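I opened a fresh page for this structure and wrote down what I looked up, one entry at a time. Come along and read over my shoulder.

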Amino acid sequence: MAQITAIRGMNDILPTQTPVWQYLENTVKNLLASYGYAEIRMPIVENTSLFKRSIGEVTDIVEKEMYTFEDRNGDSLTLRPEGTASCVRACEEHSLIANAAQQRLWYAGPMFRHERPQKGRYRQFHQIGVETFGMQGPDIDAELIIMTHQLWCALGIRNAVTLQINTLANAESRQQYKDALVAYLSQHTDKLDEDSQRRLHTNPLRILDSKDQNTQALLNDAPAFDAYIDAESREHFARLRALLDASGVTYEVNPRLVRGLDYYGKTVFEWVTSELGSQGTVCAGGRYDGLVEQLGGKPTPAVGFAMGVERLILLLETLNAIPAHVLQSVDVFMAVAGNVEINAITLANALRVKVPGLRLLMNCGQGSFKSQMKKADKCGAAFALILGENEAEQGVVAIKHLRGDAEQITLPQNEVAAWLMTNLDKK
Ligand code: ATP
Ligand code: MG
């Protein structure tokens, strides 16, 4: 029979990889908690209209990347391609913004886009997203950027990423600029790449970040966005830059930085690495003051970002930035020989209760002393507790150091917890 495999572009995350995922997730969670952000969890499936209305009908995502299907009632549903739309929907549905005036939220989970799978680009991928509502000044934009900067520092990857920022101005200025850009590019359509020709009439701003060299050359003589930016957006952007400067967060202003989704205005930013080939953006976001209203709520300023978990993990691996302790999942292995099951289980249970955070793997299913010691070594534990019939009778246990060559010792069982706390550095 043919073997059934996972769907192309959708990956199993194997037990050897999950410690790294947990390390990244926990580092992010702790950081977000330290800034007072609260977690929200949304369903993975939503009404298709939610994404059409928010992301924009003429974006790549809505045009060709969504997993859309009819359910058994004939309703059109979509596996979420991103989290912002769901987050805004949930906030409106539960009056989270109306009741609190301000919200700082985060979520994590799988997203689905039917793209061409390659390194750093998958069909099911994971994002950790942050959305804030009700704050219109550049202080909150700065907070988000400084927070991500601090995350890269905590993860030891700060030197491998650079920050690009831009302002997309208000809707009116953006429209005036779009018109000017279209007028200019329409005279040179033959020099535009195929995607850009299509976007000229649907999503012209996206042409600015075309990867095509001829298109980029053409853009050198195009009208510059800068001349169209309204005074308020200009001032917002200047204050953001001053806040970043004061915080020691370096950045590059990239006037061609636009985002793939329709709803962005004013601040946009991306953290980019050159270590991962063409899938270089590890975190991207910006301001979307119009979206809440667009989805039926009251006008509400909002700004957020999402990071790509797979890309960050690839980066941690590429840079060898994963601390050794992360890959070690067991502290103590308990080897058991002879008829001592009851003593072994009670001792193991007592140790797990008494030593906070202790990760104790007990040998089950017997086996020779030699094979148990092999397992002990392989699981990465620092110590093996050895319990045979002699030890059980005398109420003691032998402790073997698995790393280094310190002498094996024997301790009364009721002293082992204290010994482990000292020697494992767990308080
Ligand atoms: P890209 O330009 O790489 O397609 P995007 O602009 O479509 O990215 P966003 O919608 O802003 O991406 O999503 C935020 C982040 O999620 C990206 O910066 C990236 O790290 C990650 N991401 C987006 N699409 C994928 C994917 N198909 N596979 C893996 N990660 C992804
Ligand atoms: Mg994309």
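**Entry 1: the largest cavity**

I began with empty space, and the largest cavity holds about 30 Å³ of it. I should say at once that this is a predicted model. My search of the whole structure turned up one cavity of 30 Å³ or more.

Which residues line the largest cavity? I noted Val-28, Leu-31, Leu-32, Met-147, Thr-148, Leu-151, Phe-305 and Met-307. Helix H1 (18-34), helix H6 (138-155) and strand E11 (302-308) are the elements that each give two or more residues to this lining. Sorted by class, the lining has seven nonpolar residues, one polar residue and no charged ones.

**Entry 2: around ligand 1**

Next I went to ligand 1 and counted 15 residues around it. The closest of them are Arg-113, Glu-115, Arg-121, Arg-259 and Thr-281.

Then I looked up polar side-chain atoms beside the oxygen atoms of the ligand. One in Arg-113 lies 2.8 Å from an oxygen atom of ligand 1. For Gln-127, the distance from a polar side-chain atom to a ligand oxygen is 2.9 Å. In Arg-311, a side-chain N or O atom is 3.1 Å from an oxygen atom of ligand 1. I also checked how covered the ligand is: alone it exposes 590 Å², and the protein buries 87% of that.

Which elements each supply at least two residues of the shell around ligand 1? My list reads strand E6 (124-133), strand E10 (281-287) and E11. I had already met E11 in the lining of the largest cavity. E10 gives the largest share of the shell, with three residues. By class, I wrote down six nonpolar, four polar and five charged residues for this shell.

**Entry 3: the second largest pocket**

I turned to the second largest pocket, which has a volume of about 420 Å³. It is lined by 24 residues, and those nearest its centre are Asn-170, Ala-171, Gly-265, Asp-289 and Gly-290. Helix H7 (171-186), helix H10 (231-246), strand E9 (265-273) and helix H11 (291-294) each give two or more residues to the lining.

How do the residues of this lining divide by class? I found eight nonpolar, eight polar and eight charged.

**Entry 4: the domains**

I wanted to place that pocket among the domains, so to speak, and looked up the division of the protein. There is domain 1 (18-170 + 250-318), domain 2 (171-229) and domain 3 (328-423). The lining of the second largest pocket draws at least three residues from domain 1 and at least three from domain 2. I also noted the separation of domain 1 and domain 3: their centres, taken over C-alpha atoms, are 46 Å apart.

**Entry 5: two positive phi angles**

My last stop was the backbone. Most residues other than glycine have a negative phi, and I jotted down two with a positive one.

Where does Ala-101 lie? I found it in the loop between helix H5 (96-100) and strand E5 (103-112). The phi of Ala-101 is near 70°.

Lys-266 is not a glycine either, yet its phi is positive, at about 50°. This residue lies in strand E9, an element I had listed for the lining of the second largest pocket.

Key: Residues are numbered from 1 along each chain as its sequence is written. Chains are lettered from A and ligands numbered from 1 in the order in which they are written. This is a predicted model: local features need pLDDT of at least 70, side-chain atom pairs count only at pLDDT 80 or more; totals for chains, interfaces and linings use all residues. Side-chain values use heavy atoms; hydrogens and water are left out. On a 1 Å grid over the protein atoms alone, a cavity is a set of points where a 1.4 Å probe fits but cannot get out, and a pocket is an open set with protein on both sides within 12 Å along at least five of seven lines; lining residues have an atom within 4 Å of a point. Grid points are joined across faces, edges and corners, and a volume is the space filled by probe spheres set on the points. Helices (H or I, at least four residues) and strands (E, at least two) are DSSP runs, numbered from the N terminus. Ala, Val, Leu, Ile, Met, Phe, Trp, Tyr, Cys and Pro count as nonpolar, Asp, Glu, Lys and Arg as charged, and the others, Gly among them, as polar. A residue is near a molecule or strand if one of its heavy atoms lies within 4 Å of it. A polar contact is a pair of N or O atoms within 3.5 Å; within protein, one must be able to donate a hydrogen and the other to accept it, and residues adjacent in sequence count only if both atoms are side-chain atoms. Accessible areas come from the Shrake-Rupley method with a 1.4 Å probe; for residues, only the protein chains shown count as cover. Domain bounds come from an automatic or database domain assignment.
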